[in-house]
Protein chains: 2
Amino acid sequence: MSPILHALEKEKSKLSQLERKLAERILASPGDVVHMGITELAEQCSISPATITRFCKVFHFKGFPDFKVKLAAELAHSDAAPQDGNSSYQDIVAGNPLSVIVEAMQANHLASIRDTTSLLNIERLQAVISLLCSARRVDLYGMATSSIVAQDFYQKLVRIGVNCTAFADSHMQITSASSLAAGDVAFAISYSGETPETIDALTCAGASGASTISLTSYGSSTLATLAEFPLFSSSLEQGMRRGDMASRIAQLHIIDILFTGMVSSKFGDFIPKLEHSYLNVQQYRHKRGGSMQ
Amino acid sequence: MSPILHALEKEKSKLSQLERKLAERILASPGDVVHMGITELAEQCSISPATITRFCKVFHFKGFPDFKVKLAAELAHSDAAPQDGNSSYQDIVAGNPLSVIVEAMQANHLASIRDTTSLLNIERLQAVISLLCSARRVDLYGMATSSIVAQDFYQKLVRIGVNCTAFADSHMQITSASSLAAGDVAFAISYSGETPETIDALTCAGASGASTISLTSYGSSTLATLAEFPLFSSSLEQGMRRGDMASRIAQLHIIDILFTGMVSSKFGDFIPKLEHSYLNVQQYRHKRGGSMQ
DNA sequence: TGAGTATGAAAATAATTTTCTTTATTTATC
DNA sequence: GATAAATAAAGAAAATTATTTTCATACTCA
């Protein structure tokens with residue numbers, strides 16, 4: 001199911017009465033909703049248009065039209081690839097033939113990249129890129145699986161000379177967060193958006209005056225609420241068994257976009273550094289290779 | 001190409017001058033257009049909003065918003081398919097608009113997953129899975145970017161109780177490799193397949209009697225030649241500027257397949273462990289959350 | 001009761017469409 | 001070939017419609 005509908009389903013219980021009614025109406029026939037005006041939908045649910053706009057903002061859309069366009073794109077995905085659709089997102093099952101696993105995995109990963117892209121808010125992304133480019137210091141927070149993503153971003157940022165750190169240790173995270181100031185950036189990554197260590201660190205960073213960015217899977221979460229600039233990856237999976245495999249790929253996809261955006265916007269500054277770091281590694285390796293064996 | 005864009009292309013010649021300009025703008029980056037207002041688009045084309053509305057009616061849409069929603073749906077369909085191919089794998093260019101970067105990145109990543117899947121040798125994959133499942137000990141080798149992939153696999157294997165290690169330090173890699181024996185498995189990851197530290201470690205592991213697996217990008221490389229079971233990810237990128245972004249995602253894709261394959265084949269053994277590890281993390285967090293603040 | 005939340009009414013704003021006018025282009029006629 | 005009539009193209013601005021915001025009210029839970 002598309003991340004938006006999935007999120008509606010998941011968050012339904014947390015919503016207020018009328019918002020839940022709206023969510024149910026949307027889930028009942030999302031395909032219709034994308035062709036409706038806000039007034040029409042409001043009437044069908046016997047609620048006010050204002051409630052719908054608010055509802056869209058809760059789910060981090062710019063407004064109702066933005067919601068419609070993104071929902072339309074997602075609905076198209078799911079029925080575009082129905083061979084994905086039927087088999088999709090099933091849990092791991094005993095003794096599945098490997099070819100089935102391969103196909104399912106490909107479907108999952110492709111869908112997760114597509115869905116993530118279609119959820120992107122370009123302006124916010126641009127704002128985040130600008131922030132990162134001009135940051136005095138960048139802190140990256142992420143535990144467990146998300147630490148992989150943080151490490152990845154760290155390696156990239158170091159290569160273009162951005163002053164940044166990724167923490168494996170939760171105490172160090174907090175220590176560093178509390179030493180941030182205005183002009184610094186804290187970037188927190190968490191699949192669920194509820195990792196306590198990461199939440200603590202981002203809270204602390206915000207209190208210290210740093211700009212706060214989160215990267216979580218789509219849906220409401222403590223971390224996303226906390227951040228000034230919440231970014232989202234798709235969230236296909238619900239079961240514990242499947243782990244967060246697709247989400248990690250979706251998050252790396254966003255990291256790649258951010259990084260490429262940074263390099264592109266400060267091309268003159270960053271490209272020489274990138275090439276320099278590349279050549280240095282090459283050179284170092286060459287020397288070392290020669291002297292060994 | 002989607003029917004709408006196709007129609008635009010086909011009818012372009014029959015349209016008036018300004019309408020053609022509009023059609024060309026839409027064709028140039030339809031993905032942006034769906035997120036624009038009519039005024040913004042009008043300004044970009046130096047035409048009046050009225051012309052846009054008329055244009056939409058010519059193509060039998062109810063109006064501009066209707067056009068946007070339907071175009072968004074179609075784009076979602078079509079970007080699954082590799083008309084990506086033509087534009088694909090361009091290098092990072094100064095001041096590219098973010099929307100172009102996003103599209104290019106999506107095309108790259110989707111292609112890299114598809115290509116990797118189609119390169120897979122299922123039998124070899126199956127053999128590797130069996131090896132990993134029955135290994136007494138698993139060593140993971142990977143430097144720099146590839147260490148991210150190694151770490152990721154490490155985290156997964158730990159969760160199902162496989163006795164494994166991932167090394168950040170090249171000396172430790174060698175030390176560990178030399179202590180392996182028959183029944184152990186060495187798994188080396190390198191984008192280029194020429195990373196000296198990783199080559200050394202795998203060579204050493206092979207000499208010690210361990211089974212050797214490599215994961216490199218497609219093509220002949222020292223590491224792939226060295227390994228008993230070479231696995232390949234797609235290799236889209238050549239320039240240094242692009243780094244190894246897509247390759248890392250392709251490699252993780254393979255890791256996910258291996259892991260899922262392992263869990264599936266030893267379902268009874270692994271699933272309880274996976275669930276156990278999941279619950280423990282939850283519980284631990286819960287306690288911690290409660291005692292905090 | 002009172003703080004906080006949920007909600008709608010209505011005002012404000014923004015977006016879109018329509019109408020009407022102007023301008024350009026073609027065509028028919030001298 | 002010139003020119004007027006007819007037609008098509010395009011925009012400005014008005015009208016309409018859609019959306020968002022603000023503000024006041026009702027409701028809920030402690």
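**Notebook: DNA surfaces and the chain B sheet**

I began with the surface near DNA strand C, to which α2 (17-28) and α5 of chain A, together with α5 and α6 (64-78) of chain B, each supply at least two residues. What I am reading is a predicted model, in which local features need pLDDT of at least 70 and side-chain atom pairs count only at pLDDT 80 or more, while totals for chains, interfaces and linings use all residues. Residues are numbered from 1 along each chain as its sequence is written, chains are lettered from A and ligands numbered from 1 in the order in which they are written, and side-chain values use heavy atoms, with hydrogens and water left out.

**Entry 1: DNA strand C**

For the element names I take DSSP runs numbered from the N terminus, with helices being H or I over at least four residues and strands being E over at least two. I call a residue near a strand if one of its heavy atoms lies within 4 Å of it. On that basis α5(B) has the largest share of the surface near DNA strand C, five residues. I find 20 residues around this strand, of which A:Ser16, A:Thr51, B:Ile38, B:Thr53 and B:Lys57 come nearest. Of the atoms of DNA strand C that come within 4 Å of the protein, 75% are accounted for by sugar and phosphate.

I then looked up polar contacts, that is, pairs of N or O atoms within 3.5 Å; within protein, one atom must be able to donate a hydrogen and the other to accept it, and residues adjacent in sequence count only if both atoms are side-chain atoms. From chain A, a polar backbone atom of A:Leu18 is 3.3 Å from a phosphate oxygen of DNA strand C, and for A:Ser48 I again read 3.3 Å between a polar backbone atom and a phosphate oxygen of that strand. From chain B, a backbone N or O atom of B:Ile38 lies 2.5 Å from a phosphate oxygen of DNA strand C.

By class, I count Ala, Val, Leu, Ile, Met, Phe, Trp, Tyr, Cys and Pro as nonpolar, Asp, Glu, Lys and Arg as charged, and the others, Gly among them, as polar. The surface near DNA strand C then has eight nonpolar, eight polar and four charged residues.

**Entry 2: DNA strand D**

Which residues come nearest to DNA strand D? Among the 20 residues around it, I find these to be A:Ile38, A:Thr53, A:Lys57, B:Ser16 and B:Thr51. Sugar or phosphate holds 77% of the atoms of DNA strand D within 4 Å of the protein, and the rest belong to bases. By class, this surface has eight nonpolar, nine polar and three charged residues, and α5(A) gives the most to it, with five residues.

I noted that a backbone N or O atom of B:Ser48 lies 3.1 Å from a phosphate oxygen of DNA strand D, and that a polar side-chain atom of B:Thr51 lies 2.8 Å from a phosphate oxygen of the strand. For B:Arg54, a polar side-chain atom lies 3.0 Å from a base nitrogen of DNA strand D. The elements giving two or more residues to this surface are α4 (38-45), α5 (49-58) and α6 (64-80) of chain A, with α2 (17-28) and α5 (49-58) of chain B.

**Entry 3: the sheet of chain B**

Here I count two strands as paired if DSSP finds at least two bridges between them. Chain B has an open sheet of five strands in the order β2-β1-β3-β4-β5, with parallel pairing. Its edge strands, each pairing on one side only, are β2 (164-166) and β5 (229-233). I read an average twist of 15° from one strand to the next, where axes are lines fitted to C-alpha atoms, for helices over the stretch in contact, and angles run from 0 to 180 degrees between N-to-C directions.

β1(B), residues 138-141, pairs with β2(B) over three bridges, and B:Val138 stands opposite B:Cys164. β4(B) and β5(B) pair over five bridges, with B:Ile213 opposite B:Phe229. Four of the five residues of β5(B) are buried, so this strand is largely enclosed by the rest of the structure; buried means under 20% relative accessible area, exposed over 50%, and partly exposed in between (1.4 Å probe, protein chains only).

**Entry 4: B:Ser234**

I located B:Ser234 in the loop between β5 and α14 (245-265) of chain B. B:Ser234 is buried, with a relative accessible area of 4%, and a polar atom of its side chain lies 3.3 Å from the backbone oxygen of B:Ser112. Taking contact as heavy atoms within 4.5 Å, I find that B:Ser234 touches residues including B:Ser112, B:Asp115, B:Thr116 and B:Ser217, not counting residues up to four places away in sequence.
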